[in-house]
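Grab a pencil and open the structure viewer. Try each exercise yourself before you read its solution.

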Amino acid sequence: MTTTSLYLDFHFDGGSRAEAQTVLVAAIDAAPIASALLRPAPGIVLEPDTARALISAAQKKGVAMLLGTDAAEAAKLGADGVHVPWSADIVRAFKTLRQAAPSAIVGADAGRSRHEAMELGEAGADYIAFGIPPHVEDREKAGRRQLDLIQWWSELFEVPCVALDVPGPDAAQSLAAAGADFVAIRMASTETAEAAAARVREFAAAVRLPEPAK
């Protein structure tokens with residue numbers, strides 16, 4: 001049985017560095033977090049000093065921090081690796097980045113393409129993510145497709161898979177049961193620390209799968 005871990009998808013959407021750091025640490029302290037992704041919300045600039053502070057805060061808690069940026073920038077800021085978001089040329093973009101950062105953690109979002117997921121796995125991705133892009137209107141249908149992709153991948157491949165854009169604990173539980181190695185919790189830096197911690201605890205409880213019957 002797959003043991004599902006939590007992956008924190010942390011979006012910096014403004015506010016002060018100190019407030020963002022407080023929210024991040026509260027989330028990490030609420031339940032075990034395996035790794036985290038730091039990326040700015042659309043239209044927001046993530047200043048280098050803020051990025052370094054948040055990366056350091058996560059790493060001091062034993063959490064690997066990835067950035068949604070290029071390899072050189074991630075290394076300069078002290079991140080543990082890079083997450084390559086889905087794009088029309090995701091495989092080429094990933095291969096370029098993988099060559100530039102051979103020793104870093106590099107994961108990639110395959111979107112809804114099985115073919116591209118397999119190509120990314122063969123190219124050396126440390127994890128394959130299946131997300132639901134913001135422009136998708138039928139979220140329910142997309143959620144079912146994501147569940148199918150997670151189940152398919154987990155049954156056939158050794159490379160870990162991450163479920164991104166998970167709407168809530170119920171979906172997290174279903175994705176964990178389907179075999180997701182990591183279930184992502186999307187979080188904004190301007191949330192309250194209390195709300196962030198509460199949601200992490202909800203997701204942690206949801207992915208704690210029952211023991212198989214003896």
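The exercises below work through a predicted model, going from salt bridges to a helix and then to strands.

**Exercise 1.** Work out where in the chain the partners Arg98 and Asp126 sit, and whether each is buried or partly exposed.

Step 1: look at the contact. The side chains of Arg98 and Asp126 meet in a salt bridge, with N to O at 3.0 Å.
Step 2: place the partners. Arg98 belongs to helix α4 (residues 90-100), while Asp126 lies in the loop between α5 (114-122) and β6 (127-130). They are 28 residues apart, and the pair links distant parts of the chain.
Step 3: check accessibility. Arg98 has a relative accessible area of 13%, so with the cut-off for buried at under 20% it counts as buried. Asp126, at 33%, is partly exposed.

**Exercise 2.** Find how far apart Arg144 and Glu140 are along their helix, and classify both by accessibility.

Step 1: the closest N and O atoms of this salt bridge are 3.4 Å apart.
Step 2: both residues are in helix α6 (residues 139-156), and because they are 4 residues apart, about one helical turn separates them.
Step 3: Arg144 is partly exposed at 48%, whereas Glu140 is exposed at 60%.
For the full picture, the structure holds 7 salt bridges, and one of them joins the side chains of Asp89 and Arg92 at 2.4 Å, N to O.

**Exercise 3.** Test whether the end-to-end span of helix α8 agrees with what its residue count predicts.

Step 1: α8 covers residues 193-206, which is 14 residues.
Step 2: at 1.5 Å a residue, the expected span is 20 Å.
Step 3: the end C-alpha atoms are 20 Å apart, so the two agree.
Step 4: now see what is tucked away. The buried residues of α8 are Ala193, Ala196, Ala197, Val200, Phe203, Ala204 and Ala206. Their cover includes β1 (5-12), α1 (17-30), α7 (169-178) and β8 (182-188).

**Exercise 4.** Describe how strand β4 is oriented and connected to β3 and β5.

Step 1: sort the side chains. In a regular strand they alternate between the two faces of the sheet. In β4 (residues 81-84), Gly81 and His83 point one way, Val82 and Val84 the other, and all are buried.
Step 2: pair the strands. β3 (residues 64-67) runs parallel to β4 over 2 bridges, with Leu67 opposite Val82. β4 also pairs in the parallel sense with β5 (residues 105-109), over 4 bridges, and Val84 has Ala108 as its bridge partner there.
Step 3: trace the crossovers. From β4 the chain goes through α4 to β5, a right-handed β-α-β crossover. β3, helix α3 (residues 71-77) and β4 also make a right-handed β-α-β unit.

Technical notes:
Residues numbered from 1 in each chain as written. Predicted model: local features only at pLDDT ≥ 70, side-chain atom pairs only at ≥ 80, totals over all residues. Heavy atoms only, no water. Salt bridge = Lys/Arg side-chain N within 4 Å of Asp/Glu carboxyl O. Buried < 20%, exposed > 50% of the residue type's maximum accessible area, 1.4 Å probe, protein only. Expected span 1.5 Å × (residues − 1). Contact = heavy atoms within 4.5 Å. Pairing = 2+ DSSP bridges. Right-handed = clockwise from strand over helix to strand, strands pointing away.
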